[in-house]
Amino acid sequence: MSVSASSKPRVRFAPSPTGYLHVGGARTALFNWLFAKHEGGTLLLRVEDTDVERNRPELVEGILDSLRWLGIEWDEGPYFQSQRLGLYRAAAESLLASGAAYACYCQASQYAGADAGPPIEEVEDDGDLEKSADARKSFRRSACSCVDLTPEERAQKNTAGEPYAIRCRVPKSGVSKFEDAVFGPREVQNEEIEDFVLLRSNGLPTYQLSVVVDDIDMRISHVIRGADHLSNTPKQVLIYQGLGEKPPIFAHVPLILGPDRTRLSKRHGATSVTSYVEEGFLPEAFRNFLALLGWSPGEDLEYLPTPELVARFSLGGVSRTNAVFDRAKLEWYNAQYLQKMPIDELLPHVEAQLRMAKIWQDEWGGEQRDWFARTVDLVRARTRLLPDFTTWARAFFTDDFEYESDATEKFWKDEKVPVLLDKLANALEALPDWNHDACDQALRQLAAAEGVKAGLLINATRVAIVGRAVAPPLFDTMVALGRDRVVTRIRRALLTLKK
């Protein structure tokens, strides 16, 4: 679906600060962002923070940080629903005045407390599929008796100061229908929709009301959100109609499931974007992986850098089938980006990792930047996650590293190794030139002269200079480390061997 130049789309991402940014929420934000970028439209960020019992305001900045890490830049906002309560109350009163809604007094009279929300048989369907099955079954109920109160009875209750909630007056017949850009035409029999609460008696709006009022006020043209909100949409269409407004274009994207085909949750592992940031995934790889969870570019493509994602994205490519979160596939994407992305784009990520490990040296960002770039380029072919640069590749950036016990037991066990390493250190120190071929020749000549296989000396030297049995090619590693560091490390290894 394309949007004409005269009507650029306005979309929104609207997280609730009840937890960290979930993978599913991140994918929704990404789809909105890609759509807006592709169509030259506008992305708004709206924080839905009216749930006073579940909100954790301190999480707002964490959600924003996760979006920034993903590279999702919003054009307007963030707007906070808690600062817009007057708009929702005015809309509810307008619906009440027009007859599209009615005052419900039974909540306050039958249930104790401040009426923070509807009673259990009137639980608001806010799209949370984690609710119990019993609660979800309760959505279908008989109409509230307050709908039949006479004007005189209502006036009497108002005069008595009885608090009331405002409910939508759902037609007893007919259908509520809408066109979905992903799932096609949808309709629900009105008799299956309860007279749902719009405004609670404490003056706080329900999700159904606030989302519609905001989308109208913010001129949202397309609502792109998870398929778990499909059940909300008929109710929201009724509110649009009651307010005399045309609904936006809806596009409900498939859910993200775990490998067992149940909804992705903590039992499947990390579900928040923050966790993947901490593990050392690249945002570019995470974007690519997320984009293909429920969307296809129309060709058998996997490696899609962000500019290409923007160029290809369309709602027509969104699947109706739920997507499966495959951790192994995500790691594959990360390895692909570590190996393929332009080195200048990778260096800042590696620098940040080295800084966290407290082994960064400022000269690597200045006069030794070329060395830093060459070294990262050498190492990255064997990396899967960013922490690899400070774990197994640590020896490329600091002398403070340890020898792997398995490597020393395997490659230093030959009694000739100490003598060979001592002679190699002297030969390398005397080389007139320090390059790949010179180091190669010096080692092989020594091995031939001592009557041993070159492999014995290659493996023993690798352990001596990087502490590991597996690393990038030895002579490339030696060039990257430099003569002084290589010779010094070989002699340090000799001290260990003599203990």
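**Exercises on a predicted model**

Aspartate 51 is partly exposed, with a relative accessible area of 29%. The model treated in these exercises is predicted.

**Exercise 1. Placing aspartate 51**

Locate aspartate 51 among the secondary structure elements, and give its distance from leucine 95 in sequence and in space.

Solution. Step 1: the residue lies in the loop that runs between strand 2 (42–47) and helix 2 (60–70). Step 2: its relative accessible area of 29% falls between the limits of 20% for buried and 50% for exposed, so aspartate 51 is classed as partly exposed. Step 3: 44 residues separate aspartate 51 from leucine 95 in sequence, and their C-alpha atoms are 22 Å apart.

**Exercise 2. The cysteines**

State how many disulfides the structure holds, and explain the result for cysteine 106 and cysteine 168.

Solution. Step 1: the number of disulfides is zero. Step 2: a disulfide requires two cysteine sulfur atoms within 2.5 Å. Step 3: for cysteine 106, the closest cysteine sulfur belongs to cysteine 104 and is 3.1 Å away, which is too far for a bond. Step 4: cysteine 168 is likewise in no disulfide, the nearest cysteine sulfur being that of cysteine 104, at 13 Å. Step 5: as to accessibility, cysteine 106 is buried at 11% relative accessible area, and cysteine 168 is buried at 5%.

**Exercise 3. A three-stranded sheet**

Describe the sheet formed by strands 4, 5 and 8, and identify the helix that packs on the sheet.

Solution. Step 1: the three strands form an open sheet in the order 4-5-8, with antiparallel pairing. Step 2: strand 4 (101–104) and strand 8 (197–199) each have a single partner strand, so they stand at the edges and one side of each lacks a neighbour in the sheet. Step 3: from one strand to the next, the twist averages 40 degrees. Step 4: strand 4 is joined to strand 5 (residues 165–168) by four bridges, and in this pairing alanine 103 has isoleucine 166 as its bridge partner. Step 5: helix 3 (residues 85–98) packs on the sheet and touches strand 4, strand 5 and strand 8, its direction making about 105 degrees with that of strand 4.

**Exercise 4. Two strands in parallel**

Characterise the pairing of strand 9 with strand 10, and assess how far strand 10 is enclosed.

Solution. Step 1: strand 9 (residues 222–226) pairs with strand 10 in the parallel sense, over five bridges. Step 2: isoleucine 224 is placed opposite alanine 251 of strand 10. Step 3: strand 10 (residues 249–253) has four of its five residues buried, so the rest of the structure largely encloses it.

**Exercise 5. Packing around helix 17**

Classify the packing of helix 17 against helix 19 and against helix 16, and list the residues involved.

Solution. Step 1: helix 17 (residues 436–450) and helix 19 (residues 474–481) pack at about 120 degrees, with their axes 9 Å apart; the two helices are therefore oblique to each other. Step 2: their crossing is right-handed. Step 3: the contact involves His436, Cys439, Asp440, Leu443 and Arg444 of helix 17, and Leu474, Phe475, Asp476, Met478 and Val479 of helix 19. Step 4: helix 16 (residues 417–429) packs with helix 17 at about 140 degrees, with the axes 10 Å apart, and this pair is therefore oblique. Step 5: the crossing of helix 16 and helix 17 is right-handed. Step 6: Leu420, Lys423, Leu424 and Leu428 of helix 16 meet Cys439, Ala442, Leu443, Leu446 and Glu450 of helix 17.

Terms used:
Residues numbered from 1 in each chain as written. Predicted model: local features only at pLDDT ≥ 70, side-chain atom pairs only at ≥ 80, totals over all residues. Heavy atoms only, no water. Buried < 20%, exposed > 50% of the residue type's maximum accessible area, 1.4 Å probe, protein only. Pairing = 2+ DSSP bridges. Axes fitted to C-alpha atoms, helices over the stretch in contact; angles between N-to-C directions. Contact = heavy atoms within 4.5 Å. Parallel < 35°, antiparallel > 145°, perpendicular 65-115°, else oblique. Left-handed = near helix turned anticlockwise from the far one by under 90°.
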